[in-house]
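Reader: I would like to learn how to read a structure one feature at a time. Please give the general idea where there is one, and then the case at hand.

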Amino acid sequence: MTRRTLRLAAVLGSGGMLGGAFFAQAVASPIHPTPAPPQQHVLLISVDGMHQSDLAWWTARYPHSALARLVDGGTEYSHAQTTVPSDSFPGMVAQFTGGGPGTTGVYYDDTWNADLLPAGTTDCKGVKPGAEVDFTEDLDKNKAGIDAGQGLKGLPGSILKMTGTPQTLINPRTLPVDPKTCKPVYPHSYLQTNTVFEVAQGAGLRTAWSDKHAAYEILDGPTGTGIDDLFTPEINSNANGYPAGNDWTTDNKATEQYDTYKVQAVLNEIDGYNHQHTTWEGTPAVFGMNFQAVSTAQKLPSSDGLKGGYSSTDEPGPLLQKNLAFVDAELGRMTAELRKRHLDKTTTVILSAKHGQSPTDPTQLTRIDDSTLLSGLDAAWKKAHPGVRNLVAHSVDDDGMLLWLTDRSKVATDFAQKYLLAQSGTGTDINDKPKAFTAGGLSKVYAGAAAAKYFGVKPGDARVPDLFGISQYGVVYTGGTGKVAEHGGAHADDLDVPLVISGADVPTEVVDTAAVQTKQIAPTILSLLGLDPNSLVAVEKEHTRVLPVS
């Protein structure tokens, strides 16, 4: 491992791929937990979509910005990678559990489980197992409302009045059902491991978090109570008043407004109140939020008169530059509030991202209609096996491909793999012009037992996809032209994210060039709080190391 203390301007480099098996660990010396000051805090900020290259680009041009000050004031890990698949749900779960999808059981926010029963099942006797596990906005009592159906008046301005226990806003009829109990399975009970929040809470520490769906109550952990104050305004609700306001992600200015609600929640918590600023609770030991604006700026072709995505390789376009500036300013508000409350000496700030976004080279974009591929697969399967049902039970295709099949045999998984790799056709490029593709847009397909091995689980596992396809660089699976980037796959652009630890008791101006993973954030948080990292089930199972910060 190489560790060098350098001026930031001299170390602006590109990220790299992690090699080896899925459970390969970064070479890093663990910190042994030591008693922390009684007022120690960890503030975690996830800037969804941000790459390490974006952070380097910004700080090189704005060396006196809030982001640059954060980097200069701590340790920057220049070769950090998030989970595979690079979806928000497993990415965030990893940061608070220390484990990847094979351990946590969380592969995406919308998956399939071969053992559970369909949502809405009330009489479980004789019902055939196999059900969609949809932990998106679809769980909300009212997904059109930013309060997820709480019924607040004066929205969106009153959104900070939203409950801190969003489990109450989930419609149980939308949840898959456990055949043993015939009861709905909430996200928190679906998680196979405990979380940082549960460990901290068990030590008598206060916890808080802000995220984009009520389904993020998964971070409560199996106890269902790990987060004292969980603020989850619904991002995919109606953003009334905006030209493209069918939700807060389709107009980038709306996304910025949405993010400011969560920033205000964090500011209220820094001040010692709950997110609503109605009761004094004391500043949480573990708290934070995710930003969405950078992600939408990367994905939208244009918004608010500005071109989205990248101008050229790793060169943020006008809309993305605007959003990097937005995040920088909002981060500056939070760090200024820490100083104002004299918490800067006892608070460690961790900056990272749930996922990156691909491609960062706009010339490589190839949009492919995945519905055509999958309907063709079903038709070919039924032609070869008359009388059978569709082969695809469920699919998630963003810039990678995850398939769960109705027939999990080797014959079926091999058939799906062979079919997809034989497909060619025409998609669209960055300019919406026709662009040819081959091999179904895939560079590698893991099928059946190979997919299970890739994720470190046994063949036949109820949760693991039957087929995991790694796309060719630049491929985005979409039926339209409304995206210029996506995440979920396994390319470097999906995985290479920033990771900075700055503030209390952290050496300044350090750049660590060793390969690390964002799941190492979880044990590091506990170590910084003086708690035992091995209290996390996933850390014990995967031998996840604490990040070296001293």
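Author: What follows takes up a sheet, a covered strand, a helix, two loop residues and a pocket. The model is predicted.

Reader: Let me begin with the sheet that holds β17. In what order do its strands lie, and is the pairing parallel or antiparallel?

Author: Reading a sheet starts with strand order. Here four strands make an open sheet, in the order β17-β18-β22-β21, and the pairing is antiparallel. β17 (392-397) and β21 (442-447) are the edge strands; each has a single partner strand, so one side of each lacks a neighbour in the sheet. From one strand to the next, the twist averages 15°.

Reader: How many bridges join β17 to β18?

Author: Five bridges link β17 with β18 (residues 400-405), in the antiparallel sense. One pair fixes the register: Val392 has Leu405 in β18 as its bridge partner. Moving inward, β18 and β22 are antiparallel too, with four bridges, and Leu402 is partnered by Phe468 in β22. At the other end, β21 and β22 run antiparallel and are joined by five bridges; Val445 stands opposite Gly469 of β22.

Reader: Which helices lie on this sheet, and at what angles?

Author: Helix α10 (residues 370-384) lies across β17 and β18, and runs at about 160° to β17. Helix α11 (residues 410-421) also packs on the sheet, where it touches β18, β21 and β22 (467-471). The direction of α11 makes about 175° with that of β21.

Reader: Is β22 enclosed or open to the outside?

Author: Count its buried residues, taking buried as under 20% relative accessible area. In β22 five of the five residues are buried, so the strand is largely enclosed by the rest of the structure. The side chains can then be sorted by direction. Leu467, Gly469 and Ser471 point one way from β22, while Phe468 and Ile470 point the other way, and all are buried.

Reader: Can we apply that reading elsewhere? How many residues of β3 are buried, and which strands pair with β3?

Author: Strand β3 (residues 74-81) is mostly covered, with seven of its eight residues buried. Its pairings are best taken one at a time:
- With β26 (residues 510-517), β3 pairs in the parallel sense over six bridges; Ala80 has Val516 as its bridge partner there.
- With β25 (residues 500-503), β3 runs antiparallel and shares three bridges; Thr75 is partnered by Ile501.
- With β24 (residues 496-497), β3 is antiparallel over two bridges; Gln81 stands opposite Asp496.

Reader: And for a helix, which residues of α1 are buried?

Author: The count works for a helix as well. Helix α1 (residues 52-61) is mostly covered, as eight of its 10 residues are buried. These are Gln52, Ser53, Asp54, Leu55, Ala56, Trp57, Trp58 and Thr59.

Reader: What about a loop residue? Is Pro233 buried or exposed?

Author: Place the residue, take its accessibility, then list its contacts. Pro233 is in the loop between β9 (229-231) and α7 (252-270). Its relative accessible area is 0%, so Pro233 is buried. Pro233 and Ile146 are 87 residues apart in sequence, yet their C-alpha atoms are 5.4 Å apart. Leaving out residues up to four places away in sequence, Pro233 touches Ile146, Ile159, Met162, Asp211, Lys212, His213, Tyr258 and Lys262.

Reader: Where is Gln40, and what does Gln40 touch?

Author: Gln40 is in the loop between β1 (3-5) and β2 (41-47). With a relative accessibility of 6%, Gln40 counts as buried. Beyond residues up to four places away in sequence, its contacts are Ala285, Thr346, Thr348, Ala504, Asp505, Leu528 and Leu529.

Reader: Last, the pockets. How are they found, and what lines the largest pocket?

Author: Rolling a probe the size of a water molecule over the atoms shows where empty space is left. In this model the largest pocket has a volume of about 670 Å³. Its lining has 26 residues, of which Asn236, Thr249, Lys299, Lys483 and Glu486 lie nearest the centre. By character, the lining divides into 12 polar, 10 charged and four nonpolar residues. Helix α8 (residues 293-299) gives the most to the lining, with three residues.

Methods
Residues are numbered from 1 along each chain as its sequence is written. This is a predicted model: local features need pLDDT of at least 70, side-chain atom pairs count only at pLDDT 80 or more; totals for chains, interfaces and linings use all residues. Side-chain values use heavy atoms; hydrogens and water are left out. On a 1 Å grid over the protein atoms alone, a cavity is a set of points where a 1.4 Å probe fits but cannot get out, and a pocket is an open set with protein on both sides within 12 Å along at least five of seven lines; lining residues have an atom within 4 Å of a point. Grid points are joined across faces, edges and corners, and a volume is the space filled by probe spheres set on the points. Ala, Val, Leu, Ile, Met, Phe, Trp, Tyr, Cys and Pro count as nonpolar, Asp, Glu, Lys and Arg as charged, and the others, Gly among them, as polar. Buried means under 20% relative accessible area, exposed over 50%, partly exposed in between (1.4 Å probe, protein chains only). Two strands pair if DSSP finds at least two bridges between them. Contact means heavy atoms within 4.5 Å. Axes are lines fitted to C-alpha atoms, for helices over the stretch in contact, and angles run from 0 to 180 degrees between N-to-C directions.
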